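Me: I've got a structure here and a handful of labels I don't quite get. Can you go through them with me and say what each one rests on?

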Amino acid sequence: MTHKLLFLLFCWGLLPPVNAQILEKYDLNGPWEYRQTGTSEWFPASVPGCIQLDLMHNQRVKDPFYRTNEDSVQWVSEKDWEYHRIFMLSGKLLEAEHIDLVLEGLDTYADVYLNDSLILSAGNMFRAWECPGVKQLLKPGRNELRVNFKSVIRQNTKLYNKLKYKLPGDEKIVCRKAAYNFGWDWGPKLVTMGIWKPVYLRFHRHFELLDARFIQKKIIEGRAEMSGVFTFTSDQETTLKIKIDNDSMLLAHQTVSVKKGRNLIRLDFVINNPKLWWPNGMGAPFLYSLNYYLFHADEVVGKGRRKIGLRTIELKQEKDSTGTGFTFFINHVPVFAKGANYIPQDNFPSRVSDSSYRELLEDAKDLNMNMLRVWGGGIYEKDVFYDLCDELGIMVWQDFMYACAMYPGTGDFLANADVESAQNIIRLRNHPCLVLWCGNNEIDEGWKNWGWVKQYNYSSADSALVYQAYKDLFNGILPNNVEKMDTLRPYISTSPHLGWGNPGSRFTGDMHYWGVWWGRYPFSLYKENTGRFMSEYGFQAFPDISSIRKFAEPGDMTLGSDVMKAHQKNPVGYETIDEYMIRDYRHPKDFESYVYVSQVLQAEGIKMAIEDHRRAMPVCMGTLFWQFNDCWPVVSWSARDYYGTPKALHYFLQKEYRDILVSTIMEKDRLKVYIVSDRKVETKGSLNLKVIDFKGKVLRVTTRQFSVPGPASTCCFNIDSLAFLEGVDLKNAMLEARFTTSDLKPQRYSNTFYFVPVKDLSLEKMEITSEFLKISGGYKITLKSDKLAKNVWLNTGLKGRFSDNYFDLLPGEPVEIFFFTSINQADFPGKIMIRSLQDTYNN
């Protein structure tokens, strides 16, 4: 067993070497051992991690993501488990006056023993746990740290049975643990236990720097007025010097008197000619790197480095002629939010690598997203998530971790929730990406609209007590902590403001619209149900066929197989997909075709929603579809599957979320074309409209010059459709709308529109020709078709990414597609499969 001692010792310029007073960490991650409580044999374990992963690595259970193995591991969460590690300490380390044990994440009910002494009983997955003053329990040489985990399932049952009344959400609500662990309609039931975040010993002598916060007071006349607020402890009354710099320039320094115990010191400073942080698509997300130091008698006794972004954030919810708005302003500029809801990337979050975070978030940036909503049934994400969102200009709507349930109002539960919220507010408040705190997901809606009072047979008195607990938490503890600890961001108590069944939901606050899917309403009703900010809506699709092959055998690949049922968690999932598919598409001829058409169906439906939302600017000022990603391989609402493979929706998004959108709609007998611009200034260009048949014959054409204001949605073409399309066979024709800007580097934005449902189109078999060229970083593929090829899908078993996919290949118009890969494949053309919608059904 190896041990690694990490000294956080740094030098700055000509400063003297940092002495032994500054913080040292003894890393206790890596190799541990585990056993089931009551047994004697220990097995190798890894920290951070969880019991399911350790059992898999030791071949004690099968991979629960494969086939129907999920059921076979349910016993794991019903048992108690123990972890321990032996570590060696030198006498020199033990000379430190203060030694603390820090466990950044324990999942969930855990007793911690150091050399057989109980030092902590934990009960919250979302909290960090610090055990100060453990020096007297440590000894030179061999030491043992042991963590005993109680069964979450059995402990929840025990605590739930002690409540005076049952609560919606059932037993999991007593537990401060990620709700998705208990199963959702897109995720499995895998109730984890273990040490899921880093563990270490922290050594310091007389001073300990606990936190550094940078507050932007105001930006005016070319200067940003700032404050640095430092929290630290001292075991003596003395004086310290504080310095702040940004590598090249000293920003502030001050000598302060400190008391014994906890100290909070504010140091004001100025950044001249500040560069602002902007969301993706609106400007550069500029970050300043600030260094800060504590000196005692000219020796560095504490230091750190933090990246900050300068920007203002405001959520305006002002009354207007429509109702009450919901608009984010960054640097006093209104922002139309374009993005998605985000869930944890794995049911076992400890194994998500930093590179996986970067890949996912760079995907979001490349799709022109500027916001992700961290949903309240998951986890407060790791620091790397927010660091990358800062870097990439992705705004974060942060839910507190409460979803679709009512929670206890007991003193212990609320005290636990109080500390949890305070810790996470303090941890995340320096990130410029963070733009909103939201108390919960769909709880207020659930209480008022989901029949819980009747289901649980509450009396009037019971109802009052249950809802009082709600108010104590979401109208009391959480907003109070945000106000005290993060004055720079807004807070809302719940999302949505009103349920989608309430007619008022379209006119005030944010809206979750599930009439499409749960209500089985057609996609066309998205337009009639566009609210002020669309924070949830969505539709399911299968994952990529290559992903299905990773969790299923060939014989499993039928809709009715046990394996495909196990990887569809929505109770009406397949039934709903099929109902919508039959409305708009011919029935696919086989399983692989069904998978493909389900993705096209999802993409076209969400495309319709996004365009409805964007056309409604400025009444609607945000669209966040459900959901961006998956936590395991499953049929779900995601745009990219668990393995990171894009669905058709993923490719549609990179066009739908561009800074300019061209959108065509038929309203009664009027054919309208809108240009929606997110740019801060007007854009000049030409709009070309062309009606062609599926062999490429031009039936109608018109070109107009426009100056499009921004940010705004402008109807640029409005004509009587009956007159304009007289004599056109609508089953054999389409409209292409193309806007070309007059920029120095002209940009082209286009969209296609069909006049009848896809199943009624007169699609013929076509011939697609292809040319392949090896280029730096991959291959260029040039495609051309003699007739319309609908939703052309390129597929290959090679590792890489296509620049576009599932696109309409117009007759006679060549299209260039790039395949980005590091693989040099001699027979690359032979590795590419090209298919279209016409290939998915029998004539």
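Reply: Sure. Let's begin with what covers the buried residues of α2: that includes β8 (109–114), β12 (182–184) and β13 (187–189). Keep in mind that this is a predicted model.

Me: Which residues of α2 are buried?

Reply: In α2, which spans residues 152–160, they are Val152, Ile153, Gln155, Asn156 and Tyr160.

Me: How do you know that they sit on the same side of α2?

Reply: Look around the axis: the arc they cover is only 165 degrees, so they end up on the same side of α2. There's a general pattern behind it too: an α-helix has 3.6 residues a turn, so residues three or four places apart point the same way.

Me: What makes the link between serine 151 and isoleucine 153 a polar contact?

Reply: At the start of α2, a side-chain oxygen of serine 151 comes to within 3.4 Å of the backbone nitrogen of isoleucine 153. The cut-off for such an N or O pair is 3.5 Å, so this one counts.

Me: Why is cysteine 50 not in a disulfide?

Reply: A disulfide needs two cysteine sulfur atoms within 2.5 Å. The closest cysteine sulfur to that of cysteine 50 belongs to cysteine 631 and is 13 Å away, so it is too far for a bond. Cysteine 716 misses out as well, because its sulfur is 6.9 Å from the closest one, in cysteine 715. Searching the whole structure turns up zero disulfides.

Me: Why is cysteine 716 called buried?

Reply: Its relative accessible area is 6%, and buried means under 20%, so the label fits. Cysteine 50 gets the same label because its value is 4%.

Me: What makes β42 and β46 a pair of strands?

Reply: Pairing takes at least two bridges. Six bridges join β42 (residues 778–785) to β46 (residues 815–820), and the two run antiparallel. In β46, glutamate 816 stands opposite threonine 782.

Me: How many bridges are there between β44 and β46?

Reply: Two, again in the antiparallel sense. At least two are needed, so β44 and β46 count as a pair. Arginine 801 has phenylalanine 820 of β46 as its bridge partner.

Me: Is aspartate 346 buried or exposed?

Reply: Aspartate 346 lies in the loop between β26 and α3. Its relative accessibility is 5%, so it counts as buried. Residues it touches include Phe65, Tyr180 and Tyr642. A polar atom of its side chain also lies 2.9 Å from the backbone nitrogen of phenylalanine 348.

Definitions and conventions:
Residues numbered from 1 in each chain as written. Predicted model: local features only at pLDDT ≥ 70, side-chain atom pairs only at ≥ 80, totals over all residues. Heavy atoms only, no water. Buried < 20%, exposed > 50% of the residue type's maximum accessible area, 1.4 Å probe, protein only. Helix = DSSP H or I, 4+ residues; strand = E, 2+ residues; numbered from the N terminus. Arc of directions from axis to C-beta. Contact = heavy atoms within 4.5 Å. Polar contact = N/O pair within 3.5 Å; in protein donor to acceptor, adjacent residues only side chain to side chain.
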